[in-house]
Amino acid sequence: MKRWIVAAALAIVACSGPQPVRLTLEQRTVVDEVRRLKYVADPNWLPLDANLRCVLDDSFITIRVHSLVDAQKDFVRGLPQSLYPQLDAWAKHDYLVDDRRTEHLSTVGGLPARELRYVVRTRPEHGPGDLRFWLVRHQNYLYVFRMALRPDHGPERLGEVRSMLDSVEFLDTPGEQAPPSEGFDLPVEGS
């Protein structure tokens, strides 16, 4: 009788498929030497190079870093506002933007940041999604964190993103040049 119970229990476990593996804090800690930052990915988010994708609803975050060393001085002095037209264009390129952007003071990794919010749709008949940018300066670099939450995202998604942004540590960049980034180009001095 005991063997039958054990066999039945093993059959149930085998039929239920593999159990999700919870990664440890150490396994979820991402050290991105290229972008010179470190952060802890939420268990529901999968880090893929400069992107994080939510495994539950396909929301995503992208991380871009831009060197300000050769950028136009007027552009750098005007940051973050001098970047807003490019972010507006980026939002309108990828989405239907429902409303004007809103701007808020925020933090990323304990540093002051500007948070720009857009209400967006992928198609007119779709529900509103949430597109946000966080702009942070650290040393001679501008970091742009871009988050797109799907219309059907769970209410906990934004909390997960906030927790990841709070966990960011900016690594020192002694004399190193950041790699060129995708998405938009900063105006270069002399152009």
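In this predicted model, L46, L48, V55 and L56 come together on the surface as a nonpolar patch, with about 380 Å² of accessible area together. One of the four, L46, sits in strand β3, which covers residues 45-48. With a relative accessibility of 43%, L46 counts as partly exposed, because that value lies between the 20% limit for buried and the 50% limit for exposed.

**Strands β8, β9 and β10**

Let us move on to strand β9, residues 129-138. Nine of its ten residues are buried, so β9 is largely enclosed by the rest of the structure. Which strands does β9 pair with? One partner is strand β8 (residues 111-121), joined to β9 in the antiparallel sense over seven bridges. Here Y118 stands opposite L131 of β9. Another partner is strand β10 (residues 141-149), again antiparallel, over nine bridges. In that pairing, R137 has L142 of β10 as its bridge partner.

The connection from β9 to β10 is a hairpin with two residues between the strands. If you look at the turn, you will find Q139 with a positive phi of about 55°. Y141 belongs to β10. Its relative accessible area is 4%, so Y141 is buried. The C-alpha atom of Y141 is separated by 9.8 Å from that of R36, although their places lie 105 residues apart along the chain.

**Salt bridges**

The structure holds 17 salt bridges. Here are a few of them, with the distance from N to O:

| Pair | Distance (N to O) |
|---|---|
| R114 and E103 | 2.3 Å |
| R132 and E115 | 2.7 Å |
| R132 and D130 | 2.9 Å |

Take the salt bridge of R114 and E103. This pair links distant parts of the chain, since R114 is in strand β8 and E103 is in strand β7 (residues 102-108), eleven residues apart. Are these two side chains buried, exposed or in between? R114 has a relative accessibility of 22% and therefore counts as partly exposed. E103, with a relative accessible area of 35%, is partly exposed as well.

R132 appears in two rows of the table, once with E115 and once with D130. In the salt bridge of R132 and E115, R132 lies in β9 and E115 in β8, so the pair ties together parts that are 17 residues apart in sequence. Both R132 and E115 are buried. For R132 the relative accessibility is 10%, which is why it counts as buried. D130 is buried too, with a relative accessible area of 14%.

A network of salt bridges also links D57, E156, R157 and E160.

**Helices α5 and α4**

Helix α5 spans residues 156-167, twelve residues in total. From its first C-alpha to its last it reaches 17 Å, close to the 16 Å expected at 1.5 Å a residue. The buried residues of α5 are R157, E160, V161, M164 and L165. They cover an arc of only 135° around the axis, which puts them on the same side of α5. The general pattern of a helix helps here: with 3.6 residues a turn, residues three or four places apart point the same way. R157 and E160, both buried in α5, are also members of the salt-bridge network with D57 and E156.

Helix α4, residues 84-94, has its own set of buried residues: Y84, L87, D88, W90 and A91. Viewed down the axis of α4, these buried residues fall within an arc of 160°, so they line one face of the helix. What lies on the other side of α4? There you will find P85, K92 and H93, which are exposed.

**An open sheet of three strands**

Finally, three strands make up an open sheet with the order β1-β2-β11 and antiparallel pairing. Its edge strands are β1 (29-32) and β11 (169-170), each of which pairs on one side only. Between β1 and strand β2 (residues 37-40), the antiparallel pairing runs over four bridges. Within it, T29 has V40 of β2 as its bridge partner. In general, strands of a sheet pair through backbone hydrogen bonds, either parallel or antiparallel.

Conventions. Residues are numbered from 1 along each chain as its sequence is written. This is a predicted model: local features need pLDDT of at least 70, side-chain atom pairs count only at pLDDT 80 or more; totals for chains, interfaces and linings use all residues. Side-chain values use heavy atoms; hydrogens and water are left out. Patches are made of residues with over 30% relative accessible area and no salt bridge: like charges are joined within 9 Å, nonpolar side chains (Val, Leu, Ile, Met, Phe, Trp, Tyr) within 5 Å. Accessible areas come from the Shrake-Rupley method with a 1.4 Å probe; for residues, only the protein chains shown count as cover. A salt bridge is a side-chain nitrogen of Lys or Arg within 4 Å of a carboxyl oxygen of Asp or Glu. Buried means under 20% relative accessible area, exposed over 50%, partly exposed in between (1.4 Å probe, protein chains only). The expected span of a helix is 1.5 Å times one less than its number of residues. The arc is that of the directions from the helix axis to the C-beta atoms. Two strands pair if DSSP finds at least two bridges between them.
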